Amino acid sequence: MEENLDFFRDNGYLVVADVLSPEELAGLNEAIDCDRQLYPPLWRGGQEEGRFQSVSPLLSSRAFDGTIRHAKVLPLVAALMGPKLCFDEFSVMVRESLADEPPPVGWHRDTAHWPEHPLALKNLSLIYYLTDVDAKNHCFAIMPEGVEAKRTEQPEPIDPERCVELYGRAGTAILFNAGSGHAGIVRTTEQERRTIHIYYGHSSQAALSNHTIVPRRLAQGGDESSRAFYGRPNLATQLVLDNF
Ligand SMILES: O=C(O)CCC(=O)C(=O)O
């Protein structure tokens, strides 16, 4: 654990192999197939060709619940974020195979840093690779950045030359500071890539977005620590809990 925390402090990200088992992966991929088949309008394409993403799979299936507080990553997530850890966002992304030339890389930061936090972490993002990812297919890439660089008012420009591509077998988890520069690298490939994207925040801060509606079974079921984790709903979830 200490080694992982030190690496994160120096680089702003961490790769953990073999988090999801083959059985878990099979269940998740089956649930994705089912959701895409039944609810295609919820899978928004965005501006990127071949990219489909839904923020609503928690509403159609319980298969994804266990990925959010997975026993193999939750202790790390809690150690990185600290005592006010809470849920912020959940989505599933499918990047389809691509026969054409890849589009330009869209480098970006999702959120600001939080300079007062020990790791300057406002939001932590967790990506699960649900398919094998290597240099020949679509992957996630990030600019390594130590915690001191994140304490500045103005983040430094993202330098693609400094960015590293992250590969891993299906079941790999990537944890990163959502304030770090990153991008999805799209390639000409016959292979589809599937990922889960989860954002964690602090219950002392405003919700990151209103994208994900958390079902009541998660928001209000579970034990005390689960209720605390889901205890700062975004506005969309709050309205559902209040009125339905
Ligand atoms: O991995 C990708 O395709 C893009 C991920 C991304 O940009 C994000 O998680 O904000």
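Two strands are counted as paired if DSSP finds at least two bridges between them. Strands (E, at least two residues) and helices (H or I, at least four residues) are DSSP runs, numbered from the N terminus. The structure is a predicted model, in which local features need pLDDT of at least 70 and side-chain atom pairs count only at pLDDT 80 or more, while totals for chains, interfaces and linings use all residues. Residue numbers start from 1 along each chain as its sequence is written.

## The three-stranded sheet

Three strands form an open sheet in the order 6-5-8, and their pairing is antiparallel. Strand 6 (164–166) and strand 8 (182–185) are the edge strands; each has a single partner strand, so one side of each is left without a neighbour in the sheet. From one strand to the next the twist averages 30°, where axes are lines fitted to C-alpha atoms (for helices over the stretch in contact) and angles run from 0 to 180 degrees between N-to-C directions. Strand 5 (residues 139–142) runs antiparallel to strand 8 and is joined to it by four bridges. Within this pair, A141 stands opposite A183 of strand 8.

## The six-stranded sheet

A second open sheet contains six strands in the order 1-7-4-9-3-2, again with antiparallel pairing. Its edges are strand 1 (13–16) and strand 2 (51–54), each with a single partner strand, so one side of each is left without a neighbour in the sheet. Here the twist averages 20° from one strand to the next. In general, strands of a sheet pair through backbone hydrogen bonds, either parallel or antiparallel.

The table lists four antiparallel pairs of this sheet, each with one pair of facing residues.

| Strand pair | Bridges | One residue pair |
|---|---|---|
| Strand 3 (residues 85–95) and strand 9 (residues 193–202) | Ten bridges | L85 and H202 |
| Strand 4 and strand 9 | Six bridges | I127 and H197 |
| Strand 4 and strand 7 | Five bridges | L124 and N177 |
| Strand 1 and strand 7 | Four bridges | V16 and A173 |

Strand 3 and strand 9 also place V92 opposite I196.

Burial is assigned by counting C-beta atoms, placed from the backbone: a residue is buried if 20 or more others lie within 10 Å of its own, exposed if 12 or fewer, and partly exposed in between. Nine of the ten residues of strand 9 are buried, so strand 9 is largely enclosed by the rest of the structure. Strand 7 is mostly covered as well, with five of its five residues buried. Both of its faces are covered: A173, L175 and N177 are buried on one side, and I174 and F176 on the other.

## Helix 5 against the sheet

Helix 5 (residues 74–81) lies across strand 3, strand 4 (124–129), strand 7 (173–177) and strand 9, and runs at about 160° to strand 4. Its buried residues include L76, L80 and M81. These three cover an arc of only 115° around the axis, which puts them on the same side of helix 5; the arc is that of the directions from the helix axis to the C-beta atoms. The cover over the buried residues of helix 5 includes helix 1 (2–11), strand 3, strand 4, strand 7 and strand 9. After helix 5 comes G82, whose phi is positive, near 100°.

## L130 in its loop

L130 is located in the loop between strand 4 and strand 5. With 24 other C-beta atoms within 10 Å, L130 is buried. Contact requires that the C-beta atoms of two residues, placed from the backbone, lie within 7 Å. Leaving aside neighbours within four places in sequence, L130 is in contact with L25, L28, N29, A170, R194, T195 and I196. The C-alpha atoms of L130 and G171 are separated by 5.7 Å, although these residues are 41 apart along the chain.

## Surroundings of the ligand

A residue is near the ligand if its C-beta atom, placed from the backbone, lies within 6 Å of it. The residues around the ligand are D110, S125, F140, H182, A183, G184, T195 and H197. Two of the shell residues are nonpolar, five polar and one charged. In this classification Ala, Val, Leu, Ile, Met, Phe, Trp, Tyr, Cys and Pro count as nonpolar, Asp, Glu, Lys and Arg as charged, and the others, Gly among them, as polar. Strand 8 and strand 9 each supply at least two residues of the shell. Strand 8 gives the most, with three residues.
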